[in-house]
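Me: I would like a close look at a single part of this structure, set out in one connected account. Please state the pairing partners and the geometry explicitly.

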Amino acid sequence: MTNGDAIVSALDALRLHKLRSGLTMLGMIIGVAAVIAMVAVGGGAREQVVAQIRSLGSNLLIVTPGNVTSGGVRMGSGAASTLTDDDAAAIMAEVPGVQVTAPNMRGTGQLVAGGMNWASALFGIDAGWFEARDWDVELGRVFEPEEIARGSQVAILGQTVARNLFGGIDPVGQELRIRNVPFRIVGVAGRKGQTTWGQDQDDVVFVPLNTARLRVLGRNQANARAVGSIYVKVVDGENLSLVEGEVKNLLRQRHRLQTGQDDDFSIRNLADIAATREASARTLAILLAAVAGVSLAVGGIGIMNIMLVSVTERTREIGLRLALGARQWDILRQFLFEATGLAAIGGLIGVLLGVGAAYLISNAAGWPLLVEPASIVIAVVFSGLVGVFFGWYPALRASRLDPIEALRHT
C-alpha cells in the first residue's frame, strides 16, 4: 500500500462517519481558534499600548512637583510649585544627553469662536514642547521665539478643539477667545489620540508660556517663574536611567535639599512604564496561550479515544487486511493518517474561526488586529503533531492485532 492509497483510505473512513469525525475535530477546532484569536488580540492590545505610550513622546522624562513637608506635615505630591523655568534651563545646560527641555503649565478654560464654544485643556508651553513630545503642527506654524518671549496672544489648537469649534473650516488666522481673552490661531497640531488612561490628547489648546501666566492662568503668588512640569527629552541612544539620576542630583542641588530630605519633585520615566505594560501584556498572552494549549491537549485526547473506538469497531476489517497480505506498517500508517487528518482539518477550520473571532473582538474593543502568519503556521503544524502523538497508540494497537483473533471478532 502506497502513501497515497493510505491517505485515500483514511479520508474514506472519515467520510463514512461524518458526525463522529466532526465532533472529534471540535476539540482541535476550539483549541486552534483560541490560539489564533488570543495571540492576535494579545498582540494587537500590546501594539496599542506601545503606540499610546509612544504618542506621549520617545525617550522622555517628566519632572513634576513632588512632596513638600511644612511644619512636620507632608503635603503630598504637587502641593507646592517647586519647579521653575530656571530649573528647565539648568537641566538643558548642565545634564549631558538632554536633547531639549519643555517647561509648561496646565489649566482649563472655556473657548469661544463665533457662535460655538467648547471647554478644553489649556497648556502654556515654550519652544521645546513640540520637539519634546514628538508632535507635529499639521496646519499653520509653531510659535515664533518673539511671540513666546513677549507673551503674544496666539494659539495652536488640538484636532478635537478645531473640529468642535470650526468643523471643516480652516481655523488658521481665525479669532478665538480663551476665558474672554482674544487670541489669534496660528496653527493646528497633528492628531495624537488617547493616552493609556483614556485622556484625549487632542482636546487641548496651546498658548505661549508667558501668555498663560500673564493673561489666562495667572502667576503663582509665591514664585512668578513656577511651572507645572518639565518635559525632558533625552538624545537617542543615551541611557534614560543615567540621565534621570543626573537630573535628580541637579534638582536636589538647586533646591538645596539636605541628605535624607525628601525630594520636592518626582521624575517619571516613560520607558519604564512602557516596559511594565509590555511585560503585563506578554504575561497575559502567555497565560491565554497556555489555556489554548490545554484545549489542544483535550482535543488530542478526544482523537485518541475515538481512534480506539474505531479500532474496536473495525477489528474484523483489520484482520481481513492482514490475512490478505497487508503489513503491520500498512495498518499503522492508515490509522495514523486518519488521526492526523482529523487534527489537521480541525486545525485549518480553527484558523478560519480564530481569525474571524480576533477580527470581531478587535472591532468591539477598538484594538488593532495583529494576525501573524507565523502563529497560523505554528498552530496548524502543532495540531498535526497532536494528531500524530495521540493517534500513534491506537494505530500501533491496530497494527499488532492477531489476524486470526481479529477475524473471530464479532
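The account below concerns one strand, followed by a helix pair and a single residue for context.

Reply: The model under discussion is a predicted one. The part chosen is strand β4, which covers residues 98–113. The description takes its pairings in turn.

With strand β5 (residues 116–125), β4 pairs in the antiparallel sense, and 10 bridges connect the two. One position in this pairing is glutamine 110, whose bridge partner in β5 is alanine 119. The two strands form a hairpin, and 2 residues lie between them. Within that turn, glycine 114 has a positive phi of about 60 degrees.

A further pairing joins β4 to strand β11 (residues 229–234); these strands run antiparallel and are linked by 6 bridges. Here alanine 102 of β4 has tyrosine 231 in β11 as its bridge partner.

Strand β8 (residues 175–178) is also joined to β4, through 2 bridges and again in an antiparallel arrangement. In this pairing, valine 112 stands opposite arginine 177 of β8.

Two further sites complete the account, beginning with a helix pair. Two packed helices are described by the angle between their axes and the distance between the axes. For helix α3 (residues 85–94) and helix α8 (residues 240–254), the angle is about 135 degrees and the axes are 10 Å apart. The arrangement of α3 relative to α8 is therefore oblique, and their crossing is right-handed. On the α3 side, the contact is made by Asp86, Asp87, Ala90, Ile91 and Glu94. The α8 side contributes Val247, Leu250, Leu251 and Arg254. Sorted by class, the contact of α3 with α8 comprises 5 nonpolar and 4 charged residues, with no polar residues.

The remaining site is valine 311, which lies in helix α9 (residues 270–313). Valine 311 counts as buried because its relative accessibility is 4%, and the cut-off for burial is under 20%. Neighbours within four places in sequence being set aside, valine 311 is in contact with Ile318, Phe335, Pro394, Ala398 and Leu401. Serine 399 is 88 residues away from valine 311 in sequence, yet their C-alpha atoms are 9.6 Å apart in space.

To return to the chosen strand, β4 is joined in the antiparallel sense to β5, to β11 and to β8.

Definitions and conventions: Residues numbered from 1 in each chain as written. Predicted model: local features only at pLDDT ≥ 70, side-chain atom pairs only at ≥ 80, totals over all residues. Heavy atoms only, no water. Helix = DSSP H or I, 4+ residues; strand = E, 2+ residues; numbered from the N terminus. Buried < 20%, exposed > 50% of the residue type's maximum accessible area, 1.4 Å probe, protein only. Contact = heavy atoms within 4.5 Å. Pairing = 2+ DSSP bridges. Axes fitted to C-alpha atoms, helices over the stretch in contact; angles between N-to-C directions. Parallel < 35°, antiparallel > 145°, perpendicular 65-115°, else oblique. Left-handed = near helix turned anticlockwise from the far one by under 90°. Nonpolar A, V, L, I, M, F, W, Y, C, P; charged D, E, K, R; others polar.
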